[in-house]
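Got the viewer open? Let's take a short walk through this one, stop by stop.

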Amino acid sequence: MAFARTCSVALIGVDGVVVEVQADLEPGVAAFALVGLPDKSLSEARDRVRAAVVNSGESWPQRKLTVGLSPASVPKSGSGFDLAVACAVLAAAERLDPAAIADLLIIGELGLDGGVRPVRGVLPSVLAAADAGYHQIVVAEQTAAEAALVPGVSVLGVRSLRQLIAVLTGAPVPEEAPDPIVGRRDPAMAGLLLPGVGIRALAAEKAAQLDLSDVSGQYEARRALEIAAAGGHHLYLKGPPGAGKTMLAERLPALLPPLTQTEALEVTAVHSVAGLLPVDRPLIDSPPYYAPHHSATMPAIVGGGSGLPRPGAVSLAHRGVLFLDEAPEFSVRVLDALRQPLESGEVTIARSAGTLRLPARFQLCLAANPCPCGRHSRRGEGCECTPSMVNRYQGRLSGPLLDRVDLQVQVAPVTRAELMGPDSSAETTTVVAGRVLAARERAAARFAETPWRTNAEVPGHSLRTRWRLGPGALADAERELERGLLTARGLDRVLRVAWTVADLAGRDQPGRLDVRTALVLRTGVQRGLLAVDPMARPYRSPGNGPGVEP
């Protein structure tokens with residue numbers, strides 16, 4: 001038989017499309033044509049596959065060979081089709097049984113020596129294959145653990161084309177010689193890891209060593225951090241240099257609950273496509289944390305690149321935390337580009353090669369100094385910036401962006417007593433994370449019959465109609481709305497935070513005190529009201545006594 005077929009997967013963003021790899025041999029002058037909208041790296045598969053087949057001890061068919069990738073209208077890129085092309089060619093040449101590969105889905109790059117090398121995006125590829133009804137998957141041995149995360153599929157990991165041929169023909173599987181240089185990093189793994197340009201991730205090991213009790217003072221900011229973690233709210237920390245804004249942000253991921261199985265697969269799929277999945281960690285089960293430098297470009301933050309876009313920091317922080325330190329130093333275009341994913345939980349990128357959606361449901365944490373020199377305060381002590389410089393600096397964070405941030409907290413300078421003296425009341429991350437988990441469970445039980453799991457995800461209309469508050473609970477927020485100091489979106493955000501405060505306190509419904517707390521945490525102004533949970537420390541507005549209107 002001069003025709004054979006098998007299947008592989010083409011990735012478009014983090015979504016996979018099953019591609020049928022067909023090989024046809026006809027009499028004529030020996031030639032190798034690859035059709036089906038391949039990119040440059042895939043077009044070079046002709047030379048890689050030919051060398052790999054010959055160096056695996058097989059004969060290359062000396063006839064006219066045409067390999068088609070169907071559907072032909074879908075763009076195909078990367079070297080992950082090599083192994084499928086080689087198997088289809090060998091089956092068309094009657095070296096393999098065409099029926100043995102017809103139901104297989106094969107993913108892997110071929111080296112010139114016949115070795116099978118891993119490629120990025122195996123997890124989303126296998127997820128797409130499972131959705132399409134494929135249950136037998138062949139991948140490189142190094143990515144077999146990643147592919148096996150998908151339930152209901154049988155995964156075969158191979159190290160070489162020779163091994164796969166032996167398995168398919170029932171011959172003894174040959175042993176592959178180990179790397180002759182002991183201690184050297186496996187060069188085959190180079191295709192899995194690509195450096196993230198302008199993106200700094202917080203390693204899970206380092207995150208586990210960061211404890212909330214290390215932060216001196218900052219009781220109000222700690223309280224806001226706990227509320228942000230419990231409800232999935234966005235957070236803005238504003239204060240002078242050295243007050244502990246970065247320390248607080250780096251401790252936020254440890255307060256978040258572990259990812260569910262579905263969330264872990266989503267996060268792992270994004271990191272696999274981006275080439276940032278650790279080789280020894282096939283499943284990311286803890287919330288990711290990304291802190292890009294303020295010089296990062298739009299593609300690095302939102303996603304992009306030549307051809308079809310690749311995930312950016314907003315997608316890599318999916319189900320985790322995106323921390324923008326020195327936020328006013330970021331490009332205004334980059335900051336405003338965050339407004340869409342903050343609302344929708346995904347980012348839509350349009351390029352000439354196509355349009356795709358990438359997941360981007362992250363918690364945004366902003367940190368900023370009050371002015372370029374960082375010493376601006378209401379008392380104006382030591383600040384060398386002119387009023388126009390201060391306004392220009394603070395104006396880089398637009399009103400529409402800040403309107404989407406639920407908690408906006410003023411971080412006061414740390415006092416000598418807080419910094420040098422022991423603080424026996426400072427709670428550890430474990431203690432706070434326990435309260436956060438309990439609050440999340442209360443919210444999840446309340447939203448059991450809905451698609452939402454955290455207060456930050458609930459639309460405002462549902463909060464106002466389905467889960468109504470008691471009479472008079474919204475009096476203060478409604479007054480701010482009538483005065484024009486609170487937008488309609490801002491009112492919804494206040495409601496969400498109020499429910500989170502009530503969940504942390506174990507109450508079934510927010511009261512007026514919970515709404516006041518949410519209002520203070522959003523505006524930073526107490527307006528003569530005691531605005532915190534009685535179980536927490538008194539909220540102290542920087543530069544003013546408790547309950548004193550500035």
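**Stop one: a nonpolar patch**

Select Leu 156, Val 167 and Val 173: together they make a nonpolar surface patch of about 200 Å². Keep in mind as you click around that this is a predicted model.

Now stay on Val 167 and show the cartoon around it. Val 167 sits in helix H7, which you can pick out as residues 161-169. Is Val 167 buried, partly exposed or exposed? With a relative accessible area of 37%, Val 167 counts as partly exposed, and patch members need over 30%, so Val 167 can take part in the patch.

**Stop two: an open sheet**

Next, color the strands E11, E14, E17, E10 and E18. In that order, these five strands form an open sheet, and their pairing is parallel. Which strands stand at the edges? Select 289-290 for E11 and 407-410 for E18: each has a single partner strand, so one side of each is left without a neighbour in the sheet.

Zoom in on the E11 end. The partner here is E14, residues 321-324, and the two strands pair in the parallel sense over two bridges. Put Tyr 290 and Leu 322 in sticks: Tyr 290 stands opposite Leu 322, which belongs to E14.

**Last stop: the whole chain**

Zoom back out and select everything. You're looking at 24 helices and 18 strands. The chain has 550 residues, and 50% of them count as buried. Switch on a surface: the chain exposes about 23800 Å², with carbon and sulfur atoms supplying 53% of that. As for contacts with a separation of 6 or more, 71% are between residues 24 or more positions apart.

Note on methods. Residues numbered from 1 in each chain as written. Predicted model: local features only at pLDDT ≥ 70, side-chain atom pairs only at ≥ 80, totals over all residues. Heavy atoms only, no water. Pairing = 2+ DSSP bridges. Helix = DSSP H or I, 4+ residues; strand = E, 2+ residues; numbered from the N terminus. Patch = residues over 30% accessible without salt bridge, like charges linked within 9 Å, V, L, I, M, F, W, Y side chains within 5 Å. Areas by Shrake-Rupley, 256 points an atom, 1.4 Å probe, with all protein chains shown as cover. Salt bridge = Lys/Arg side-chain N within 4 Å of Asp/Glu carboxyl O. Buried < 20%, exposed > 50% of the residue type's maximum accessible area, 1.4 Å probe, protein only. Contact = heavy atoms within 4.5 Å.
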